[in-house]
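Thank you all for making the time this morning. I would like to walk you through one chain, going from its overall make-up to a few places in the backbone and then to its interior, and I ask you to keep the structure in view as I speak.

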Amino acid sequence: MNQNATEPVAAAESLAEVPEHVLRGLPEEVRLFPSAVDKTRIGVWATKPILKGKKFGPFVGDKKKRSQVKNNVYMWEVYYPNLGWMCIDATDPEKGNWLRYVNWACSGEEQNLFPLEINRAIYYKTLKPIAPGEELLVWYNGEDNPEIAAAIEEERASARSKRSSPKSRKDQVEHAAGSSFYVGPFRNPMGRKNPRKVKTKQTKLKTHP
């Protein structure tokens with residue numbers, strides 16, 4: 001994740017400025033250290049082996065309309081049927097969690113995480129095993145990547161199974177909003193110097209310059 005090229009260069013992040021609640025919320029497999037892909041940023045590094053398929057999240061932040069967001073570096077957009085596209089904005093470290101510090105890979109080859117929207121919340125899932133000493137890096141190349149497509153289909157299969165379970169049907173009767181498991185569309189508006197557009201089966205996902 002890089003700062004938008006049209007915005008002023010931000011001051012380098014400092015470990016001393018990381019909120020206590022972020023540090024307390026770190027999984028045991030990771031720690032925060034300066035990033036290797038962006039010298040102005042803190043990064044998330046593995047301190048223990050992390051298996052392929054491990055899921056982290058959800059990404060935490062303020063829910064806002066796109067017009068209310070001043071910095072597009074630390075946010076995702078999620079579609080809500082009753083609200084439309086809303087931003088989950090973690091620009092303010094006090095409003096976010098440790099996933100705010102996961103940086104954007106410089107290419108698909110560098111990535112070891114991919115984002116996934118479940119029940120209108122963003123999670124990061126490991127695409128491959130991550131060894132101690134490796135930085136966690138996310139990238140969105142959608143269902144064009146066979147491995148990511150397979151992982152997303154696995155989540156959808158799980159969603160279908162959960163929706164058809166007796167407990168899920170009972171919950172949906174008892175609660176008007178229901179509690180069914182949903183895997184749906186989201187957008188990555190984080191700043192990039194070379195924005196890409198990725199077309200998937202469900203929606204058109206794009207990054208904004």
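Before I name any element, let me say that strands here are DSSP runs of at least two residues marked E, and that helices are runs of at least four marked H or I, each kind numbered from the N terminus. Please also bear in mind throughout that this is a predicted model.

With that counting, the chain has 13 strands and 3 helices. Of its 209 residues, 46% are buried, and the chain exposes about 10800 Å², of which carbon and sulfur atoms supply 53%. If we take the contacts with a separation of 6 or more, residues 24 or more positions apart account for 61% of them.

Let me turn to the backbone, beginning with Pro58, which sits in the loop between strand E3, residues 55–56, and strand E4, residues 62–64. The peptide bond that joins Gly57 and Pro58 is cis, with omega at about 10°.

A second loop to look at is the one between strand E8, residues 113–118, and strand E9, residues 121–126, where we find Asn119 and also Arg120. Asn119 has a positive phi, near 50°, although the residue is not a glycine, and Arg120, likewise not a glycine, has a positive phi near 60°. How exposed are these two residues? Asn119 is partly exposed, because its relative accessible area is 38% and that class runs between 20% and 50%; Arg120, at 26%, therefore counts as partly exposed as well.

For those who think about cysteines, the structure holds 0 disulfides. Cys87 is buried, because its relative accessibility is 0%, whereas Cys106 is partly exposed, with a relative accessible area of 48%.

Finally, the interior. In soluble globular proteins, nonpolar side chains tend to be buried together. In this chain the largest nonpolar core has 34 residues, and those with the most contacts inside it are Leu32, Val44, Phe59, Trp98, Val102, Tyr124 and Leu136. Which strands supply at least two residues each to this core? They include E1 at 30–34, E2 at 42–46, E5 at 75–80 and E6 at 84–89, together with E9 and with E10 at 137–138. There is also a second, separate core of 7 residues, among them Phe114, Leu116, Leu127 and Ala151.

That is where I will stop, and I am happy to go back to any of these places.

Definitions and conventions
Residues are numbered from 1 along each chain as its sequence is written. This is a predicted model: local features need pLDDT of at least 70, side-chain atom pairs count only at pLDDT 80 or more; totals for chains, interfaces and linings use all residues. Side-chain values use heavy atoms; hydrogens and water are left out. Buried means under 20% relative accessible area, exposed over 50%, partly exposed in between (1.4 Å probe, protein chains only). Contact means heavy atoms within 4.5 Å. Accessible areas come from the Shrake-Rupley method with a 1.4 Å probe; for residues, only the protein chains shown count as cover. A disulfide is a pair of cysteine sulfur atoms within 2.5 Å. A nonpolar core is a set of buried Ala, Val, Leu, Ile, Met, Phe, Trp, Tyr and Cys residues joined through side-chain atoms within 4.5 Å.
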